[in-house]
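Me: I should like a close look at one part of this protein, namely its interior. Please describe which residues lie inside and what surrounds them.

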Amino acid sequence: MPAPSTSIWSPLRQPAFRWLWICGAIFFIGNGMQTMAAAWLMVELTGSSFLAALVQTAVFLPMFLLALPAGVLADTTDRRRLISGALIAQAVASLLLALLVLSGKGGPASVLFLVFVAGCCTAALTPAWNSSVVDPVPRGEWSQAITAIGIAYNAARAIGPTLAGLLFARLGAGWVFAVTVLTTVVMWEGIRRWPPRAHPPSTLPAERLWGGTLSGLRFAWHSRIILAQLVRVMAFSAAGAALWALLPVIAQRQLGTGAEGFGLLMGCLGTGAVASGLVIGRLRARFGLDRLVAIACVVFAAVMLIAAWVRVPFVVYIAMTFGGAAWMATMSTINTATQASAPPWVRSRAVAMHILSALGAFAIGSAFWGAVSDVIGLSAALVAAAVAMAAGLLLVRPFPLRVGGDTEVTQGTPWDELFVEDEPNPEAGPIAVEVGYRIRPGVDTAFLDTIALMKAPRRRDGATFWRVYKDLGEPSRYVERFIVTSWADYLHQRARATVADHAIETEVRAFLADGESARMSHYIAER
């Protein structure tokens, strides 16, 4: 079988992906236009750094609040309906915003509120869209597909604010918001024509919203690969939010430019991101994930220092291009690693938790750095953010980045058949599961070290408790015991075990005494 192409344009040969990519790019442009226009309108209306930065919070805080529930819905419900409903609601909010501003009735409160509503709609659809847009692409080309999506997103960050700046300067904010309505309709039409692939049929009980949310959080906490990715993107985004949030203030106070200059600053960030996306695959191959992200952190910190002290617009524009490249290198690398490291059952939730970490930190960071700027000044706030960005390099050792292998995301076949006389109601529980092992003499330490590797997969896939016990009456016998909340959760846990998990179980069972087999028992709580 030929190796997958390493070209980022290879996924675009798939017609469905190509058209979804184009529709997504148009939608991203509209969102970028709306954010730029709202931020600059806030500067004109209030002159406050804090309120201008709060626009970024209104855009991205919904991701922090809604991304994970939206990921659960994307994993468990019809993704086409979810995306379409959110897009219709967003179009209505943007239309109302345009009408209010055009009529002269749009004040700071109404602008922030409707931008927040539009952000909620984007948050509701993003996990479903991100996890489904790569459906037409072979798994071996996901990295290139995700990078292509990143290029579209960051090209939109260049094009959207630039177009918004030109339109704002000539016609005003209301017409910018009107254009965003049309871009939302284009995205809706794309989803209507090329709907997401339906989830495979399952005989297992459907997960509910709260239980699915807990499952996603538990998976992230007990998966060292995913946890490291989330921690790293959170640290980078929280520090880097200062530059994005304070960009209108940099344009107005540091450089003395108007709306067009602000749009150009954002355009330079987007241009750098696009340029980085074109070579990101080769950079990852050359430097590796951790080294590439470390270099990007240093570059972005240097860009914030330049923005803090340099008053020459041309120099700042060039620096912003490098800042956009560093932002893209980090975000694309971690996003790709997250999607490629999550099994299918939790992929939308992994995407949601990446969004939750990145944009939640971004939203909170935007408000924080805006408030800091009002207290200690713009330059001092940017210097403090640069120091925080550099301090994030201390996370490299405790939270290294890597991509999960195929065996870590491919679900395997359970070891043992499930023999129960009367199957409980799906909601019944808790369920206690015991697996007994009678092992060979003299291998106790090696056995315990190996079976300890089972703790993370058991907890990751649904167990609320896990421990290994030694039989005091028979020293060669050990019992692995774990507890799951309900019978439905236990069935899901069995189905979620990966090929890599089964390989660990194979190692554990290799310690069994000759002629012995692992014995599994199930218990249900009665009192």
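Reply: The following account begins with the confidence of the model, then turns to the interior and ends at the surface.

The structure is a predicted model. The protein averages a pLDDT of 85, and 95% of the residues score at least 70. Among the elements, strand β3 (residues 477–484) has the highest mean pLDDT, 95, whereas helix α5 (residues 142–171) has the lowest, 77.

The largest nonpolar core contains 112 residues. Within this core, the residues with the most contacts are F17, W129, F177, L243, F300 and M320. Helix α1 (residues 15–46) supplies the largest share of the core, 15 residues. Another core lies apart from it and has 22 residues, including I439, I451, A463 and A518. As a general background, nonpolar side chains tend to be buried together in soluble globular proteins.

F300 offers a detailed example. Setting aside residues up to four places away in sequence, F300 touches F236, G240, L243, W244, G323, A326, W327 and M389. One of these partners, L243, is also listed with F300 among the residues with the most contacts inside the core.

Two further buried positions may be examined in the helices α2 and α4. A58 belongs to helix α2 (residues 49–76). Its relative accessible area is 8%, so A58 is buried, the cut-off being under 20%. Beyond its neighbours up to four places away in sequence, A58 touches L112, V115 and F116. G119 is located in helix α4 (residues 108–132). With a relative accessibility of 5%, G119 likewise counts as buried. Leaving aside neighbours within four places in sequence, G119 is in contact with V59 and P62. The C-alpha atoms of G119 and N31 are separated by 9.1 Å, although these residues are 88 places apart along the chain. By contrast, the C-alpha atoms of A58 and G436, 378 residues apart along the chain, are separated by 54 Å.

A whole helix can also be enclosed. In helix α18 (residues 487–496), eight of the ten residues are buried, so this helix is largely enclosed by the rest of the structure. The buried residues of α18 are W487, A488, Y490, L491, H492, Q493, R494 and R496.

The surface provides a contrast. V312, F314, V315, I318 and F322 form a nonpolar patch there, with about 490 Å² of accessible area together. V312 is situated in the loop between α11 (289–309) and α12 (313–341). V312 has a relative accessible area of 46% and is therefore partly exposed.

Conventions
Residues numbered from 1 in each chain as written. Predicted model: local features only at pLDDT ≥ 70, side-chain atom pairs only at ≥ 80, totals over all residues. Heavy atoms only, no water. Patch = residues over 30% accessible without salt bridge, like charges linked within 9 Å, V, L, I, M, F, W, Y side chains within 5 Å. Areas by Shrake-Rupley, 256 points an atom, 1.4 Å probe, with all protein chains shown as cover. Salt bridge = Lys/Arg side-chain N within 4 Å of Asp/Glu carboxyl O. Helix = DSSP H or I, 4+ residues; strand = E, 2+ residues; numbered from the N terminus. Buried < 20%, exposed > 50% of the residue type's maximum accessible area, 1.4 Å probe, protein only. Core = buried A, V, L, I, M, F, W, Y, C linked by side-chain atoms within 4.5 Å. Contact = heavy atoms within 4.5 Å. pLDDT = per-residue confidence, 0-100.
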